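Student: Could you take me closely through one part of this structure, the place where the ligands sit, and then show me what lies around it? I am new here, so please explain the terms as you go.

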Amino acid sequence: MARRRYHDGLALHQALPGQFLPFLVAAMSFLAALALAGGIAAHGLSQRWTHGAGAVTTVQVPGPDDPAAGSGTRIAAVQDIVAHAPGVATAHRLSDAELRALLAPWIEQTGDSSLPLPAVIEVHTVPGQDPMPPLLPRLEAVAPGVLVEHDSVWSDRLAALAASLQACALLAVLIVMTVAVCVVMAATRAGLQTRRQAIALIHSLGAMDSYIAGRFASRVGLLALVGGLGGSIAALPMLLAMSHLAAPFSAMTDAQAVAPMDWRNPRAWADIVPHALLWMLLALPPAAGITGWVTTQLTVRAWLRRLP
Amino acid sequence: MFRLHDVSYAYGGNRAGVAALSHISLDVAQGEFRWLLGPSGAGKSSLLSILSLEVQASAGMVEILGVPVMQARRSNLARLRRRIGTVWQDFRLLPDLSVFDNVALPLRLQHRAEDEIAHEVHAIMKWVGLENRLDARPLQLSGGEQQRVAIARAVIYRPALLLADEPTNALDERQAGRLMAMFHRLAELGTTIVVATHNDAIVEKYPAPAIELAHGHLVRDYR
Ligand SMILES: Nc1ncnc2c1ncn2[C@@H]1O[C@H](COP(=O)(O)OP(=O)(O)OP(=O)(O)O)[C@@H](O)[C@H]1O
Ligand SMILES: [Mg+2]
């Protein structure tokens, strides 16, 4: 008896067949998943490149052996602050030999070995953290003239590259979504067209626009949800494999990168796949469903305007 | 009940279109029965489709059951349609639904309970003499049987305004008589009824006030 409720003549199983739309939505969700995964990967890499082990900060202290504002030498005071700051992995003062090797080209040109050299501290920060800016006022207080330089030519470039990869991914997702909306609109219009006599009839029997649009939209929403689910499931193995390959590049700690992968353990998957990626795969089906539902509501309501 | 004032209608828009109705003014009270007469092409079906809210008049004022149709919101028009029953000249049964589902359709759209729907459908189908064809498809029925299904669907939700376009043209004399008896009973109960026909015999047999059209103009309107 309950099924009879839907004997309202719309025959949506004919108007919106259940094979075509889910398949197309699945294909597009798959593409969207890949694009989003690319975007998330680019984000992860840029995090590492801008804040990670690749980035070195140098702190130059002119007149290292002069007395500091408080007590002790300037270099000792600076080293004390830098070494104990949270977020600093190592702070290594370059020896005279290292410094001369570094500056050899310039020193040879001037031929003067008695130039007063500043002390240089090479700071490696903990990946994902940028502890130096908040330290600057304190460093300046104990050793005026101290110079902090972030070696950022490469990391800036890589960050820019990552940002443009992310923009491309976003653009790809937008294009896929636009195509998906167009496909849903076309399918809905075709469905409306095949059932136009039944629609005109129930319209003249007093069916509200909201009822007709709701019936079409829940059917399309469901089909799109199923399609989105299919796309997510299809993308999962591919993204797992890619995450595994990318792990050494995007891992935050080096130890994790070399650990062998145990494919039978789902917990290990969760470890190598960025959590953002898993959330994205989970969010994709409802997003597809909602997009289909909204598009169909708008399409049907616009179409019904032809009836008075 | 319903009022038309200076109503015109043209298919395909006012300027280029075919003028089907010109400057019609009418006032019909609750519980009245009216014939709608005129030769073929006079505009009878067009007038009924304005009253059943299938088309909007191109000009003039239309008021049905106290609702000014030209200014009403879409949702109010939908609600108004639920109080108007129509028997179309071409029946408009849905071929892929059973007879039962066709007749139940208006009640389903009003979200009535299924047992109540079943009760109502059986009662009305018994009255039109088709209670044993509930599972048939419309195209498995004769013309007269289809017409009776269309009539059953139009009256099942007890409309306040009942519009019927040539409702007897496929019926035999006995069934036409039964239908006329039902119309008079419904009118007594307060339903306003307009029946379009060019069957002079039945009009003579069941005399009632008439609205007469010719070439889209009102030529006679008496009570
Ligand atoms: N869909 C349409 N498009 C264009 N013109 C139409 C349309 N329907 C009807 N007409 C024209 O409008 C005029 C009135 O038609 P209508 O159907 O109202 O006549 P009628 O009185 O119901 O005729 P009949 O007794 O044959 O049913 C006719 O000239 C007809 O050709
Ligand atoms: Mg007609």
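Tutor: Happily; we begin at the metal and its neighbouring ligand, then move outward to the cores and the other chain.

A word on the ground rules: this is a predicted model, where local features need pLDDT of at least 70, side-chain atom pairs count only at pLDDT 80 or more, and totals for chains, interfaces and linings use all residues. Residues are numbered from 1 along each chain as its sequence is written, chains are lettered from A and ligands numbered from 1 in the order in which they are written, and side-chain values use heavy atoms, with hydrogens and water left out.

Let us start with the magnesium ion, ligand 2. Its protein donors are B:Ser45, through OG, and B:Gln89, through OE1, at 1.9 to 2.3 Å. Donors here are N, O and S atoms within 2.8 Å of the metal (3.2 Å for Na, K and Ca), and since water is not among the atoms, sites may look incomplete. The two donors come from distant parts of the chain, 44 residues apart: B:Ser45 sits in helix H1 (residues 44-51) of chain B, and B:Gln89 in the loop between strand E6 (84-87) and helix H3 (99-109) of chain B. Helices (H or I, at least four residues) and strands (E, at least two) are DSSP runs, numbered from the N terminus. B:Ser45 is partly exposed, with a relative accessible area of 30%, and B:Gln89 is partly exposed too, at 37%. On this scale buried means under 20% relative accessible area, exposed over 50%, and partly exposed in between (1.4 Å probe, protein chains only).

Both donors also take us to ligand 1. B:Ser45 is among the residues that come nearest to ligand 1, along with B:Ser40, B:Gly41, B:Lys44 and B:Ser46, out of 13 around it; being around it takes a heavy atom within 4 Å. H1(B) gives the largest share of this shell, 3 residues. A polar side-chain atom of B:Gln89 lies 2.9 Å from an oxygen atom of ligand 1. Backbone atoms take part as well: a polar one of B:Gly43 is 2.9 Å from a ligand 1 oxygen, and one of B:Ala42 is 3.2 Å from a ligand 1 oxygen. A polar contact is a pair of N or O atoms within 3.5 Å; within protein, one must be able to donate a hydrogen and the other to accept it, and residues adjacent in sequence count only if both atoms are side-chain atoms. Taken alone, ligand 1 exposes 630 Å², and the protein buries 62% of that; such areas come from the Shrake-Rupley method with a 1.4 Å probe, and for residues only the protein chains shown count as cover.

Now for the surroundings. The largest nonpolar core has 92 residues, and B:Trp35, B:Met125 and B:Phe183 touch the most other members. Such a core is a set of buried Ala, Val, Leu, Ile, Met, Phe, Trp, Tyr and Cys residues joined through side-chain atoms within 4.5 Å. Helix H8 (residues 209-250) of chain A gives the most to this core, 9 residues. Apart from it lies another core, of 31 residues, including B:Val7 and B:Leu51.

Finally, chain A has 11 helices and 4 strands, and 39% of its 308 residues count as buried. One of the buried residues is A:Thr188, at 0% relative accessible area, found in helix H6 (residues 153-194) of chain A.
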